[in-house]
Amino acid sequence: MREVMNATLATLLVMSSAGCAPSLKSIATKPRSGTIVTSSIQQIVVTATDTKGNGKDVTGVSTYKSSDDKIVTVSVNGSVEGKSAGWADITVSYSEGKVTKISTVTVNVVFSRGEGQSLRW
């Protein structure tokens with residue numbers, strides 16, 4: 001009887017700890033917005049945070065989509081290139097298990113850096 005109780009308790013402990021595994025809570029992009037010059041390339045960095053507060057870089061396994069490829073393109077690894085002046089959004093998504101999180105990076109592309117203009121990325 002004691003062996004059955006110990007086996008049942010061990011099974012309950014395993015089931016209980018399995019339910020406590022952290023899951024994807026959010027993603028954050030760096031930058032959230034930025035200004036770049038045409039023909040320049042900048043990198044988006046994506047960090048995923050789980051329900052226990054642990055963060056990890058998921059830049060290489062996230063997906064990226066530009067709202068306007070005539071203004072800005074984005075590669076499969078998150079490199080952004082300014083094509084022509086204007087505004088566009090980069091939609092970033094990352095999935096882990098059955099959970100998907102999405103973030104948006106707003107990009108302003110300018111033809112050239114004006115006198116005294118500070119570009120932020």
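This is a guided tour of the strands, their pairings and a few side-chain contacts in the structure above.

The model is a predicted one, in which local features need pLDDT of at least 70 and side-chain atom pairs count only at pLDDT 80 or more, whereas totals for chains, interfaces and linings use all residues. Residues are numbered from 1 along each chain as its sequence is written, and side-chain values use heavy atoms, with hydrogens and water left out.

**Stop one: the four-stranded sheet**

Begin by selecting strands 2, 10, 9 and 6, which in that order form an open sheet with mixed pairing; strands here are DSSP runs of E with at least two residues, numbered from the N terminus, and two strands pair if DSSP finds at least two bridges between them. Strand 2 and strand 6 are the edge strands, each pairing on one side only, and the twist from one strand to the next averages 25 degrees, where axes are lines fitted to C-alpha atoms and angles run from 0 to 180 degrees between N-to-C directions.

Move across the sheet one pair at a time. Strand 2 (residues 33-37) and strand 10 (residues 99-110) run parallel and are joined by five bridges, and in strand 10 the bridge partner of V37 is V110. Next, select strand 9 together with strand 10: the two run antiparallel, with eleven bridges between them, and I90 can be found opposite V105 in strand 10. Where these two strands form a hairpin, two residues lie between them, and G97 takes a positive phi near 65 degrees. At the other side of strand 9, strand 6 pairs with strand 9 in the antiparallel sense over four bridges, with K65 standing opposite T91 in strand 9.

**Stop two: a salt bridge from strand 9 to strand 5**

Now show the side chains of E96 and K56, which meet in a salt bridge with an N to O distance of 3.0 Å; the term stands for a side-chain nitrogen of Lys or Arg within 4 Å of a carboxyl oxygen of Asp or Glu. Because E96 lies in strand 9 (residues 86-96) and K56 in strand 5 (residues 55-57), the pair ties together parts that are 40 residues apart in sequence. E96 is partly exposed, at a relative accessible area of 25%, and K56 is partly exposed as well, at 42%; on this scale buried means under 20% relative accessible area, exposed over 50%, and partly exposed in between, with a 1.4 Å probe and protein chains only.

The count of salt bridges in the model comes to two. To see the other, select K83 and E81, whose closest N and O atoms are 3.6 Å apart. K83 is partly exposed at 42% relative accessibility, and E81 is partly exposed at 24%.

**Stop three: strand 4 and its neighbours**

Select strand 4 (residues 45-50) and display its side chains, which alternate: V46, A48 and D50 point to one face and are buried, while V45, T47 and T49 point to the other and are not. In a regular strand the side chains alternate between the two faces of the sheet.

Add strand 1 (residues 24-30), which runs antiparallel to strand 4 and is joined to it by six bridges; here S26 stands opposite T49. Then add strand 5, which also runs antiparallel to strand 4, with three bridges joining the two, and in strand 5 the bridge partner of T49 is G55. Strand 4 and strand 5 form a hairpin with four residues between them, and G53 in the turn has a positive phi of about 90 degrees.

**Stop four: T59 in its loop**

Continue to T59, which sits in the loop between strand 5 and strand 6 (63-66). T59 counts as buried, at 10% relative accessibility. Leaving aside residues up to four places away in sequence, T59 touches Q43, I44, V45, V46, Y64 and N77, a contact being heavy atoms within 4.5 Å.

**Stop five: the three-stranded sheet**

Finish with strands 3, 8 and 7, which in that order make an open sheet with antiparallel pairing. The edge strands are strand 3 (41-43) and strand 7 (72-74), each of which pairs on one side only, and neighbouring strands of this sheet are turned by 25 degrees against each other on average, direction ignored. Select strand 3 and strand 8 (residues 79-82) to follow the three bridges that join this antiparallel pair, and locate V80 in strand 8 as the bridge partner of Q42.
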